[in-house]
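Hi,

Here's the structure I said I'd pass along. Have a look at it first, and my notes on what turned up are underneath.

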Amino acid sequence: MAQLSPILKQATPVVVEHGEGAYLYDTSGRRHLDFTAGIGVTSTGHCHPRVVAAAQEQVGKLIHGQYTTVMHRPLLELSERLGEVLPSGLDSLFFSNSGSEAVEAALRLTRQATGRPNIVVFQGGFHGRTVAAASMTTSGTRFGAGFSPLMSGVHVAPFPYAYHYGWDEKTATDFALRELDYLFATQTSPQETAAFFIEPMLGEGGYVPANSEFMAGLRRRADEHGILLVMDEIQTGFGRTGRFWGHDHFDVRPDVVLIAKGLASGFPLSGIAASKDLMGKAWPGSQGGTYGGNAVSCAAALATLDVIRDENLVENAAARGRQLLDGARAVGEKTPAIGDVRGLGLLVGSEFVTADGAPDNATAQAVQKAAAAKGLLLLTCGAFMNVVRMIPPLVVTSEQVDEALEIWTDVVASVTNGS
Ligand code: PMP
């Protein structure tokens, strides 16, 4: 009998039967409050009726229309609709299926457009698991482990992770920008650098928001040297941070935006957005794929955008995010094992540390496990996997946030007092 590969280690023992809104129901009928949202994917909640209806209707009309062969209506409509929410000037789109593919598409585009080989990424960044995307990922060595050589031409600059450095935000930012200039002087000249790839907030790397000064520093260097600024909004886009885009918090203009996850409520769909001028520099035939921009995924994405607008989900993410962050901070303040609590909107992380401030993965995992036993599903992240993160769907209610915080308060107290 064939079985799933043991490489698929589950964070929880739950086998899910169905989902509704912020809840998942397992095969024994038990209810779980889902503060993972499929790693930030099911933003409209599980099986939102409007998303389900749109997908069902599309399945009966057309499932697949390969976009280099024929065009289909959902893809055209989605491109138009995304134009309404994307930063102005980013009016040309290319679609694929997963976040990693979007990263690869942007990698190809930025290298082709500039004729330059090198990419600068930021320490702790996560961009995916395909070989090129893994080569650009530094949120943990495990993502590139055992299959080197990875892609060459990737250089890593520091991210202003103030808590980790033990500095204030300004000192961490000054350091990160100075190190970037040092990297330009010692590893890749700006003239050989095609692009910066950055997340508005380290996601897998530990839920660490960037800041305006840092982003402005990148933009300045990009403008000065003709480097393209690629904003990986795969985890942070579509209202997740309480603004439509994560980078909206930092008043910065990206050249390319990467989208996936929250775009289609769980249907596989990703893409890149750039100006027509920049996109026109892609080499003909170098971008494509059999399944990219699937018709059912596009129909689901259109419904997702409607739900985000009609149910004011960006505003809800901001309000519920504040409630969640305040609650998590209150727990953090009375828990020595939690060194830092941070977040943007409905991306909230609590970093577990030992008495001497070292990353404490064991306690983070124990808390996650104890929460799952009480019906609250959570994930960990960070290079040391010592940050417990909360990513509920954007439809989460005030009562559900309270319910989660109650379990959180309880399990953090019992695990950390017992350890
Ligand atoms: N970029 C970011 C910021 C992500 O969070 C992720 C997924 N966690 C990816 C890229 C890769 O997406 P996928 O797993 O769909 O390939």
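**The sheet and its helices**

Bear in mind that this is a predicted model. What caught my eye is an open sheet of 4 strands, in the order β13-β14-β17-β16, with antiparallel pairing. At the edges sit β13 (338-344) and β16 (379-381), each of which pairs on one side only. On average, neighbouring strands in this sheet are turned by 30 degrees against each other, direction ignored.

If you want to zoom in on one pair, try β13 and β14 (residues 347-352): they run antiparallel and are joined by 6 bridges. For a concrete spot to click on, V341 has S350 in β14 as its bridge partner.

Two helices pack on the sheet. Helix α11 (residues 313-333) touches β13, β14 and β17 (387-390), and its direction makes about 175 degrees with that of β13. Helix α12 (residues 361-373) touches β14, β16 and β17, with its direction at about 35 degrees to that of β17.

**The two domains**

Zooming out, the domain assignment splits the protein chain into domain 1 (16-47 + 312-418) and domain 2 (50-310). Their centres, taken over C-alpha atoms, are 25 Å apart. Domain 1 puts 29 residues into the contact, and domain 2 puts in 31 residues.

Which elements each supply at least two residues of the side of domain 1 that touches domain 2? They are α1 (37-40), α11, β13, β14 and β17. By class, that side of domain 1 has 14 nonpolar, 11 polar and 4 charged residues.

Cheers

Notes. Residues are numbered from 1 along each chain as its sequence is written. This is a predicted model: local features need pLDDT of at least 70, side-chain atom pairs count only at pLDDT 80 or more; totals for chains, interfaces and linings use all residues. Two strands pair if DSSP finds at least two bridges between them. Axes are lines fitted to C-alpha atoms, for helices over the stretch in contact, and angles run from 0 to 180 degrees between N-to-C directions. Two residues are in contact if their C-beta atoms, placed from the backbone, lie within 7 Å. Domain bounds come from an automatic or database domain assignment. Ala, Val, Leu, Ile, Met, Phe, Trp, Tyr, Cys and Pro count as nonpolar, Asp, Glu, Lys and Arg as charged, and the others, Gly among them, as polar.
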